[in-house]
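Dear colleague,

Please find below the structure that I am handing over to you. My notes on it follow directly after.

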Amino acid sequence: MRTVLLAGAAAAALIVTPAAGQNGPPLRTLPETVVTATRFPTPIERIPAGVTVIDRATIETRGYRSLAEALAAVPGLGVVQSGGTGQTSSVFMRGTNSSHVLVLRDGMPLNDPSTPQSLFDFGNDLLSDVERIEVIRGPMSGLYGSGAIGGVVNLITRSGRGTNRAFTATGEIASGSQSTAAASAVVAGETRGIDYALIGQGLTTQGHNIVPRRLATSIGERDGARIGTVTANLGAQLGERFRVFGFARWRENKADLDQAGRDDPNYTARNRSGMWRAGVAGALVPGWLDTTLAVGQSRDNRQFRDRPDQFAFSGSDDSRYIGTRTVYQWDNTLRLPEAGVVDAAAVTFGAQRIEDRVDVQVRFDGPFGPFTQDVDRSTRSDAAYLGAQLRLFRRLDLTANVRHESPRDFSDTTTWRVGGVLTVPEAALSVHAAYGTSFRAPTLFDLFGVGSFGFRGNPNLRPEKGRGGEAGVALDLAALGLASGRLSATYFRTRITDLINDDPTFTTRINVGRVDIEGVESALDLTPAPWLDLRAAYTWTVAQDADSGAQLLRRPRHRGSLGATLWANPRLSIAPEVLIFGPAADVLYADSGTFQGRGRNPGGVVINLAARWRATGALELFALGRNITNSRYEPANSFVVPGAAVLIGLRAGL
């Protein structure tokens, strides 16, 4: 397996973790390829975008249990959790809104259409069925359409391909503080042209109290969670040229929640999420033209319940959000031959249809009387895209793509992106630049929602529009005669217009406002000795309302991370990680629990530690420490990070 964590266009040399049965630190190998950034397998160092890849070996070595944990140290990306695993988590990419991050599963868009802004909740997913996570920062609507203003996160599912065995199995059990227990099992293999992977995983915990002790409204009530997931990923060869594939996944979560500024012992959320995807892929013209036809569907069924309790916290809630998304995809890659100074040329093109349907019933009875909101509507959007990439003189990579969206409920939208990477091996240097446009479509609630206090959706809304660019440089430290590693920095700038927000009377939604964002991502990956890898990242971000100059909420100007992997001996690895958060604008709650309005939320530091010891070729012990200094940092004001926790487990394989 391969592990790499990179910022900017240039890639560090890839780290490869030893296969099962081997011991010792990873070995260096050739750079790996990324599919998400161009829809065509491309070496990381030739991609004009901020790219981070987190593969299976990284997940296990660093002890990541959830998607939110795995993304926490990614440059340019801020994870804001309202609690721990199972509780609501948002991601802000390069200072854009959390609704400006598009999430894919094996290339299929997943954002939930039933949420008010088509958000994806990063707090619900465990990682046992994930082979790798590809994060592409920057406007990517030219490839993927609505929602990709800040960037794209693509979750790639584990499969049996490449195992070269008819049967393999791995299992894991763990337990720890807060009555936490976790388990997973993976069965995978390939034989006679058929490959399969079956994965089950689960976690249960009593959790921590996610309301800070400083608040008088904190009663010490723990906020636990239970998560269970089953995944199947199957494929079969049809002759030598084609392969059929099928994927299905079911996840059920139940979590305790709290209100902003106070404990709420009766507030719970239940989320049932299912998805499937099937299709055929292969070579229409071997060596020249590859094609994929696929159809898939995701369905989220979320229920929130609350009622008055013995602590005199009034209000009751019984709300349901059901969102169904059906996606039809046709993707093609045409490889072109070398021609003089041109090589590595390819053209990608295809079409996509997304059909969304939502059924939302909000039923809340609070201090100001009953409140209802309802949406029962559907919509459809058709799109076509075209992309091209090539290399000149074996040192200048150029990419371009364009996408045209034809939605049913608002006007057509065309987005594009262009970029290039220039490699100068004589100076151990590479430089990249890119520029593009993006958009986010109005949600069905924005267009057609109905509320009991006179709210009505606005069918005349325009999409939110983004425009931005970046430029970066990377140095190969080994080529300069220094320790093996890479130093990179990227400057980015984005402007977003036609933001969708409530009108002054809160009776409908309107296009209003502009946002200006700029920043710098920097990263250092260094291997000073064969037994030690070091990494550091720092992101400076200024995200503000272009009219008022007010800083956007929950986006620290300064954010960084430090990490290392130490092989104390060939069988034992230790991986500390330090996450550093600067202060940020937020809505604040006083120690009394009363709402104070906008203000400055203090920063903080969270330290994690993972260790694993390979007892035999098939047996491994691991220990994970999370927030080992018991930091009381509040990512969102009045929601504290979970307290110190330890998880100890055993991983075995056949």
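Which residue stands opposite Leu572 in E37? The partner is Trp613. E34 and E37 pair in the antiparallel sense, over 10 bridges; here two strands pair if DSSP finds at least two bridges between them. Helices (H or I, at least four residues) and strands (E, at least two) are DSSP runs, numbered from the N terminus.

Two remarks on the basis of these notes come before the rest. This is a predicted model, in which local features need pLDDT of at least 70 and side-chain atom pairs count only at pLDDT 80 or more, while totals for chains, interfaces and linings use all residues. Residues are numbered from 1 along each chain as its sequence is written, and side-chain values use heavy atoms, with hydrogens and water left out.

Overall form

The protein chain contains four helices and 39 strands. Its C-alpha trace spans about 70 × 55 × 50 Å along the principal axes. The radius of gyration of the protein chain is 24 Å, which agrees with the value near 26 Å that a compact globule of 654 residues would have; this radius is taken over C-alpha atoms, and the globule rule is 2.2 Å times the number of residues to the power 0.38. Of the 654 residues, 56% count as buried (buried means under 20% relative accessible area, exposed over 50%, and partly exposed in between, with a 1.4 Å probe and protein chains only). Among contacts with a separation of 6 or more, 63% come from residues 24 or more positions apart, where contact means heavy atoms within 4.5 Å.

Strand pairing

In addition to E37, strand E34 has E33 (residues 558-569) as an antiparallel partner, over eight bridges. A hairpin of two residues joins E33 to E34, and Leu566 stands opposite Ile574 in E34. The covered face of E34 consists of Ser573, Ala575, Glu577, Leu579 and Phe581, and the uncovered face of Leu572, Ile574, Pro576, Val578 and Ile580.

Strand E39 (residues 645-653) pairs antiparallel with strand E13 (residues 168-176) over seven bridges. Ser175 has Ile648 in E39 as its bridge partner. E39 also pairs antiparallel with strand E38 (residues 619-626), over eight bridges, and there Glu620 is matched with Arg651 of E39.

Gly176 belongs to E13. Its relative accessibility is 30%, so Gly176 counts as partly exposed. Leaving aside neighbours within four places in sequence, Gly176 is in contact with Val646 and Leu647. Gly176 and Gly625 are 449 residues apart in sequence, yet their C-alpha atoms are 9.7 Å apart in space.

An open sheet of five strands has the order E6-E11-E12-E9-E10, with mixed pairing. E6 (50-55) and E10 (108-109) stand at its edges with a single partner strand each, so one side of each is left without a neighbour in the sheet. E6 runs antiparallel to E11 (residues 130-137), and six bridges join them; Val51 stands opposite Ile136 in E11.

Cavities and a pocket

On a 1 Å grid over the protein atoms alone, a cavity is a set of points where a 1.4 Å probe fits but cannot get out, a pocket is an open set with protein on both sides within 12 Å along at least five of seven lines, and lining residues have an atom within 4 Å of a point. Grid points are joined across faces, edges and corners, and a volume is the space filled by probe spheres set on the points.

The structure holds 12 cavities of 30 Å³ or more. The largest cavity has a volume of about 800 Å³. Of its 41 lining residues, Glu69, Gly84, Thr85, Arg626 and Pro642 are the closest to its centre. The elements that give two or more residues to this lining include E34, E37, E38 and E39, and E15 gives the most, with four residues.

The second largest cavity holds about 420 Å³ of space. It is lined by 31 residues, of which Ser146, Arg325, Asp356, Ala441 and Pro442 lie nearest its centre.

The second largest pocket has a volume of about 1700 Å³. Its lining has 44 residues, with Val35, Pro41, Asp106, Ile156 and Arg161 nearest the centre. E11 and E12 are among the strands that each supply at least two residues of this lining.

With kind regards
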